[in-house]
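Grab your viewer and a pencil. Here are some exercises on helix packing, backbone quirks and a pocket, each with a worked solution.

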Amino acid sequence: VTAAAGQPVDEATEKALKDNRFNNKEGKDLTSTVTPLQDGLFEIIKAPIAYLESRGNANPYEISGGANNAYDGKYQLGKDAKDTIKNMRDEDGNLIFTAAEREKLNHPSNRADFRGDSELQEKAFRQLTEFNHGELTKNSAKYRAMDQANQLAVLGYAHNQGAEAALEWLTTSVVGTDAFGTRGDAYSEAITEIFTKDDMLG
């Protein structure tokens, strides 16, 4: 089991997910309307997530790292994340990524091309976050009841642990860690801290 980005999920989290896989979608409603993320709020979460992933590297778009050095760029996206988003379509059914962009999202064959394209990395991060937002909206009444600032904190957690593990966290409050021991709530707390300073949390 791997998180949507960052690192593989640790053994304990993987076991918890398997044990609870039919119970972590409280208030599942696949007909729920997924409200697009507000651009202004989304921009706020980029810096703390990028810092946790690339640690302030002078050239964050160019780095590779993570478990087995299998993750790329400023937001450390791996194969699972790229495969999840590369064929995403907009509400009109059009592919979001161009053919050239989808080629760069092929992992591992075109990792260097992906690392060399900062605009694609930003677009990929946005689409991965939108994907997780949709999964959480449709599968968690608790998530749907949050204002968007609090949802974005949960999406920080999901960036490290994946949407499924974020659902587990919302249901049980059990915090997962990645292969390097980084807690998923390090991401949510970093985002919450920013919104709290600006008095933006509901």
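What follows is a set of five exercises on this structure, which is a predicted model.

**Exercise 1.** Work out how helix α8 and helix α9 pack: what are the angle and the axis separation, and which residues make the contact?

*Solution.* Start by finding the two helices: α8 covers residues 148-161 and α9 covers residues 163-172. Next, take the geometry: the angle is about 130 degrees and the axes lie 7 Å apart. That angle makes α8 oblique to α9, and α8 passes α9 in a right-handed crossing. Now list the contact: α8 supplies Val154, Tyr157, Ala158 and Gln161, while α9 supplies Ala163, Ala165, Ala166, Trp169 and Leu170. Finally, sort these residues by class, which gives eight nonpolar, one polar and no charged.

**Exercise 2.** Repeat the job for α6 and α8: what is the packing angle, and how does the contact split by class?

*Solution.* First, α6 spans residues 118-139. The α6 and α8 axes are 10 Å apart, at an angle of about 110 degrees. Angles of 65 to 115 degrees count as roughly perpendicular, so α6 is roughly perpendicular to α8. On the α6 side, pick out Phe125, Leu128, Thr129, Asn132, His133 and Leu136; on the α8 side, Gln151, Val154, Leu155, Ala158 and His159. The tally for this contact is six nonpolar, five polar and no charged residues.

**Exercise 3.** One more pair: are α2 and α8 roughly parallel or roughly perpendicular, and which residues meet?

*Solution.* Begin with the numbers: the two helices pack at about 25 degrees, with axes 10 Å apart. Since angles under 35 degrees count as roughly parallel, α2 is roughly parallel to α8. The crossing of α2 and α8 is right-handed. Then go for the residues: Leu41, Phe42, Ile45, Ile49 and Glu53 of α2 meet Gln148, Ala149, Leu152, Gly156 and His159 of α8. Sorted by class, the α2 contact with α8 holds six nonpolar, three polar and one charged residues.

**Exercise 4.** Scan the backbone: where is there a cis peptide bond, and which loops hold Arg55 and Ser173?

*Solution.* Check omega to begin with: the bond joining His107 and Pro108 is cis, with omega about 15 degrees. Pro108 sits in the loop between α4 (99-104) and α5 (111-115). Move on to phi. Arg55 isn't a glycine, yet its phi is positive, about 55 degrees; look for Arg55 in the loop between α2 (39-54) and β1 (64-65). Ser173, also a residue other than glycine, has a positive phi near 65 degrees. Ser173 belongs to the loop between α9 and α10 (185-197).

**Exercise 5.** Describe the largest pocket: what is its volume, and what lines it?

*Solution.* The volume comes out at about 460 Å³. Next, count the lining: 15 residues, with Val34, Met88, Arg89, Gln127 and Glu130 nearest the centre of the pocket. To finish, split the lining of the largest pocket by class: five nonpolar, four polar and six charged residues.

How values were computed:
Residues are numbered from 1 along each chain as its sequence is written. This is a predicted model: local features need pLDDT of at least 70, side-chain atom pairs count only at pLDDT 80 or more; totals for chains, interfaces and linings use all residues. Side-chain values use heavy atoms; hydrogens and water are left out. Axes are lines fitted to C-alpha atoms, for helices over the stretch in contact, and angles run from 0 to 180 degrees between N-to-C directions. Helices (H or I, at least four residues) and strands (E, at least two) are DSSP runs, numbered from the N terminus. Angles under 35 degrees count as roughly parallel, over 145 as roughly antiparallel, 65 to 115 as roughly perpendicular and the rest as oblique. A crossing is left-handed if the near helix is turned anticlockwise from the far one by less than a right angle, and right-handed if clockwise. Contact means heavy atoms within 4.5 Å. Ala, Val, Leu, Ile, Met, Phe, Trp, Tyr, Cys and Pro count as nonpolar, Asp, Glu, Lys and Arg as charged, and the others, Gly among them, as polar. On a 1 Å grid over the protein atoms alone, a cavity is a set of points where a 1.4 Å probe fits but cannot get out, and a pocket is an open set with protein on both sides within 12 Å along at least five of seven lines; lining residues have an atom within 4 Å of a point. Grid points are joined across faces, edges and corners, and a volume is the space filled by probe spheres set on the points.
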